Amino acid sequence: MERNSLFGLFKANASQNAVAMKLYSSVVAQARQPYFYTDLAVPDTPDGRYDMIMIHAFLLLHRLKRDLPNTKEISQALFDIMFEDMDKSLREMGAGDVGIGRRIKEMAKAFYGRIAAYDEGLNRDDDSLDIALQRNVYRQSSVKNEQVSALGSYIRREAVNLSDQPTEAILGGRLSFVDPSQ
């Protein structure tokens with residue numbers, strides 16, 4: 001599978017691309033769990049779905065960061081595949097070629113902001129994660145505080161779940177998310 005790296009610094013080999021694609025597929029499948037949209041009131045919109053993919057990508061990248069530099073290449077390949085998919089999705093939704101690059105850069109910038117906020121929230125024992133979720137995921141919707149807190153609790157549980165998974169398994173494309181309703 002030959003592809004150009006969206007951000008140009010790195011080209012993964014075919015094996016890394018295949019692993020990154022498996023990992024990204026797991027991220028997307030988990031982000032699409034109906035529970036998030038029904039019980040936790042995540043808006044079932046392109047923005048809401050984007051936010052859930054970003055949360056799960058963050059969780060995976062957060063886990064991979066623990067084993068740097070061994071995971072640097074797969075992390076970059078995952079990032080590239082994720083934003084290539086975003087590019088494709090925007091085109092399928094009818095966005096014109098002229099604005100795609102700008103929108104992808106805005107999405108990447110937003111992702112970096114979310115990474116910083118969610119990482120800080122995971123590392124603190126206060127409501128900063130819930131505040132970040134309210135600001136990012138629920139920004140244009142009314143939602144109960146319990147739903148925001150439930151999403152925050154899920155993220156904390158999932159971070160622990162992923163930290164318990166062997167790096168070798170993840171680098172082999174094997175990733176297991178928990179049932180979000182638990």
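This passage describes the salt bridges, one helix and the main pocket of a predicted model. Local features were accepted at pLDDT of at least 70 and side-chain atom pairs at pLDDT 80 or more, while totals for chains, interfaces and linings use all residues. Residues are numbered from 1 along each chain as its sequence is written, and side-chain values use heavy atoms, without hydrogens and water.

Nine salt bridges were found in the whole structure, each defined as a side-chain nitrogen of Lys or Arg within 4 Å of a carboxyl oxygen of Asp or Glu. Arg139 and Asp47 form a salt bridge at 3.8 Å, N to O. Arg139 lies in the loop between helix 6 (128-136) and helix 7 (145-163) and Asp47 in helix 3, so this pair ties together parts 92 residues apart in sequence. Helices are DSSP runs of H or I with at least four residues, numbered from the N terminus. Arg139 also forms a salt bridge with Asp51, with the closest N and O atoms 2.8 Å apart. Asp51 is in helix 3, 88 residues from Arg139.

Asp51 is buried, at 1% relative accessible area, whereas Asp47 is partly exposed at 42% (buried, under 20%; exposed, over 50%; partly exposed, in between; 1.4 Å probe, protein chains only). Of the 20 residues of helix 3, 15 are buried, so this helix is largely enclosed by the rest of the structure.

Helix 3 (46-65), helix 4 (72-92) and helix 5 (97-123) each give two or more residues to the lining of the largest pocket. A pocket is an open set of points on a 1 Å grid over the protein atoms alone, where a 1.4 Å probe fits, with protein on both sides within 12 Å along at least five of seven lines; lining residues have an atom within 4 Å of a point.
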